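User: I have a structure here that I would like to understand better. Could you take my questions one at a time and show me how you reach each answer?

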Amino acid sequence: MTENIFSFPVRIYWEDTDAGGIVYHANYLRYMERARTEWLRALGWSQERLYSELGVVFVVAEAKAKYKKPARLDDELVVRSTVTACGRTSFEFHQEILRGDEVLNVGDVRCGTLDAHTFRPVAMPEPISEQLKKFLTLIIR
């Protein structure tokens with residue numbers, strides 16, 4: 001992690017590609033999900049810990065992606081993630097998927113906090129909220 005950016009490496013495997021030999025569009029969302037999950041893990045909050053100790057789960061409430069260039073078999077990519085908003089029950093990420101310096105995909109994702117048993121919105125646990133707020137970055141579009 002550098003400053004407010006979390007970077008997560010991804011290698012493209014055969015299973016990631018479609019019949020045209022490029023990454024299937026839905027897989028970019030998977031790579032972004034993995035990056036967000038690993039960022040939380042790096043902060044000490046695994047999905048299991050969120051569920052068992054705090055009784056919450058994070059779910060994607062909204063996702064927007066812009067596909068700029070295709071990724072191909074064996075490409076080494078990096079998913080860069082920044083927190084752009086953090087409210088009482090949700091938080092937002094801006095994410096970019098790069099091959100070297102080349103931006104392949106740009107996405108914005110809003111995640112909500114739900115009670116792990118009732119699946120109703122709840123306030124984000126304060127320890128997580130406080131950590132995420134430290135990483136807030138203003139993205140100008």
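User: Let's start with C111: is this residue buried or exposed, and what is its relative accessible area?

Analyst: This is a predicted model, in which local features need pLDDT of at least 70 and side-chain atom pairs count only at pLDDT 80 or more, while totals for chains, interfaces and linings use all residues. Residues are numbered from 1 along each chain as its sequence is written, and side-chain values use heavy atoms, with hydrogens and water left out. Buried means under 20% relative accessible area, exposed means over 50%, and partly exposed is in between (1.4 Å probe, protein chains only). C111 is buried, with a relative accessible area of 5%.

User: How many disulfides does the count come to?

Analyst: A disulfide is a covalent bond between the sulfur atoms of two cysteines, counted here when those atoms are within 2.5 Å. The closest cysteine sulfur to that of C86 belongs to C111 and is 11 Å away, which is too far for a bond. C86 counts as buried too, at 16% relative accessibility. The number of disulfides is zero.

User: In what order do the five strands of the open sheet run?

Analyst: Strands are DSSP runs of E with at least two residues, and helices are runs of H or I with at least four, numbered from the N terminus. Two strands pair if DSSP finds at least two bridges between them. The pairing in this open sheet is antiparallel, and the order is β1-β3-β4-β5-β2.

User: By how many degrees are neighbouring strands of this sheet turned against each other on average?

Analyst: The sheet has five strands, and its edge strands, β1 and β2 (56-67), each pair on one side only. Axes are lines fitted to C-alpha atoms (for helices, over the stretch in contact), and angles run from 0 to 180 degrees between N-to-C directions. With direction ignored, the average turn between neighbouring strands is 25 degrees.

User: Which side chains along strand β1 point to one face and are buried?

Analyst: In a regular strand the side chains alternate between the two faces of the sheet. Strand β1 (residues 6-11) shows this alternation: S7, P9 and R11 point to one side and are not buried. The side chains that point the other way and are buried are F6, F8 and V10.

User: Which residue in β3 stands opposite F8?

Analyst: Strands of a sheet pair through backbone hydrogen bonds, either parallel or antiparallel. Strand β3 (residues 76-86) and β1 pair in the antiparallel sense, over six bridges. Opposite F8 in β3 stands V79.

User: What is the bridge partner of K64 in β5?

Analyst: Strand β5 covers residues 102-115 and pairs with β2 in the antiparallel sense, over 11 bridges. Within β5, the partner of K64 is D108.

User: At what distance does a polar contact join the side chains of H94 and D108?

Analyst: H94 is found in strand β4 (residues 90-99) and counts as buried at 9% relative accessibility. A polar contact is a pair of N or O atoms within 3.5 Å; within protein, one must be able to donate a hydrogen and the other to accept it, and residues adjacent in sequence count only if both atoms are side-chain atoms. The contact between the side chains of H94 and D108 is 2.8 Å.

User: Which residue forms a salt bridge with E76?

Analyst: A salt bridge is a side-chain nitrogen of Lys or Arg within 4 Å of a carboxyl oxygen of Asp or Glu, and the whole structure has nine of them. E76 is exposed at 52% relative accessible area. Its salt bridge has its closest N and O atoms 2.9 Å apart, and the partner is R11.

User: Which residues do salt bridges that share partners join into one network?

Analyst: One salt bridge is between K69 and E102, with the closest N and O atoms 3.1 Å apart. K69 sits in the loop between β2 and β3, E102 in strand β5, 33 residues apart. The network is made of K69, D75, R99 and E102.

User: Which residues form one aromatic cluster?

Analyst: Rings of Phe, Tyr and Trp (its six-membered ring) pair if their centres lie within 6.5 Å, and planes under 30 degrees apart count as stacked, over 60 as edge-to-face and the rest as tilted. There are seven aromatic pairs, including the edge-to-face pair of F58 and F91, at 4.8 Å centre to centre and 80 degrees between the planes. F91 also forms an edge-to-face pair with F93, at 5.4 Å and 75 degrees. The cluster consists of F6, W39, F58, F91, F93 and F135.
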